[in-house]
Amino acid sequence: MSVLTLGETMALFDPAADGPPATGMSYTLRFAGAESNFAIALARLGVPVRWASRLGDDPVGDLIARTLEAEGVDIRWVTRDQSAATGAYMKIRERGMTRVQYFRRGSAASMLSSADVPDAAFAGVRVAHLTGITLALSESARSLVYNVAERAQGLGVGLTFDANYRPALWPDAAEARRAQERVLPLVDWYFCGVDEARALWGAGDPEALEQRVRSAGARGVVIRIGDRGAFVDGVVVAPPRLVDVRDEVGAGDAFDAGFVYAWLLGSEPRACARAGHIVAAHAIQGTGDWETLPR
């Protein structure tokens, strides 16, 4: 049941208090990235998972590599770059909401290319998981996403894709959508939050958004609609229970992992969505992106 994923992971500065950054403010050093969050979630559920990336040859890169390996993630296809640093970002919490500020321009992961994921990385893989973030990092990283998607199809490997639309990484939503449209005909399951779906695909209810994504080629679509649950197969699958939300960042990655876990086990889509909700419920109970994921 091996899974392959790839993308950027960065140092995370997690504030101890709400409010804008201020002199003397305390932060906890963590790390996070959509794909490594996903990988940790699957590893904790007992699924062998491989994460390919580039990290700077620096102390933060050491921390990320060491911790992912300790979590059971296969990092043999992680390259340590001596010419570029590991990226970073910080969280800012105000009025019950979290936003992020990135410091990733020219990072080691922006140098990702097709050479970073050799054919050997696909050995025994059942599912490959990609995201729209990697599409935005650089032209070479975008080519890698397309290359991996095409190889996955050729090898009969299932493909999941999370839109993960980050406006700061794109000139506009139209360009992000065009970049995703090239990979969508190869995608088995496309994951997207309802707000980013509307930014990418236009206004409308989940039914209309699902149809637009399917028309672009995706075989299956899951639209996350916040605390209402997820829209899949024409119905809303509600979360099993409500939990206290400390930080919503990382919930989508956790949902994707739960969904893929159940999909690998042969569950039908609604059951996959329920599994996604359960894993996501753990993620939002902590201020880090992955530390509270279930084992």
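Trainee: How many helices and strands does the protein have?

Mentor: Nine helices and 13 strands, counted as DSSP runs (H or I over at least four residues for helices, E over at least two for strands) and numbered from the N terminus. Keep in mind that this is a predicted model, where local features need pLDDT of at least 70, side-chain atom pairs count only at pLDDT 80 or more, and totals for chains, interfaces and linings use all residues. Residues are numbered from 1 along each chain as its sequence is written, and side-chain values use heavy atoms, with hydrogens and water left out.

Trainee: What makes the protein as compact as a globular protein of that length?

Mentor: Its radius of gyration is 18 Å, close to the 19 Å that the globule rule gives for 295 residues, so the label fits. The radius is taken over C-alpha atoms, and the rule is 2.2 Å times the number of residues to the power 0.38. The C-alpha trace spans about 50 × 45 × 40 Å along the principal axes.

Trainee: Why is Thr67 called buried?

Mentor: Buried means under 20% relative accessible area (exposed is over 50%, partly exposed in between, with a 1.4 Å probe and protein chains only). Thr67 has 19%, so it counts as buried. Thr67 sits in helix H2 (residues 59-70), and, neighbours within four places in sequence aside, it touches Phe31 and Trp290. Contact here means heavy atoms within 4.5 Å. Across the protein, 59% of the 295 residues count as buried.

Trainee: Why are H4 and H5 called roughly parallel to each other?

Mentor: Helix H4 (residues 139-155) and helix H5 (residues 173-183) pack at about 25°, with axes 9 Å apart. Angles under 35 degrees count as roughly parallel, over 145 as roughly antiparallel, 65 to 115 as roughly perpendicular and the rest as oblique. So H4 and H5 come out roughly parallel. The axes are lines fitted to C-alpha atoms over the stretch in contact, with angles from 0 to 180 degrees between N-to-C directions.

Trainee: Which residues in H4 and H5 meet?

Mentor: Arg142, Tyr146, Ala149 and Glu150 in H4 meet Glu175, Ala179, Arg182 and Val183 in H5.

Trainee: And what makes H6 oblique to H7?

Mentor: The axes of helix H6 (residues 194-201) and helix H7 (residues 206-215) come within 10 Å and cross at roughly 55°. That crossing makes H6 oblique to H7. Val194, Ala197, Arg198 and Trp201 in H6 meet Leu209, Arg212 and Val213 in H7.
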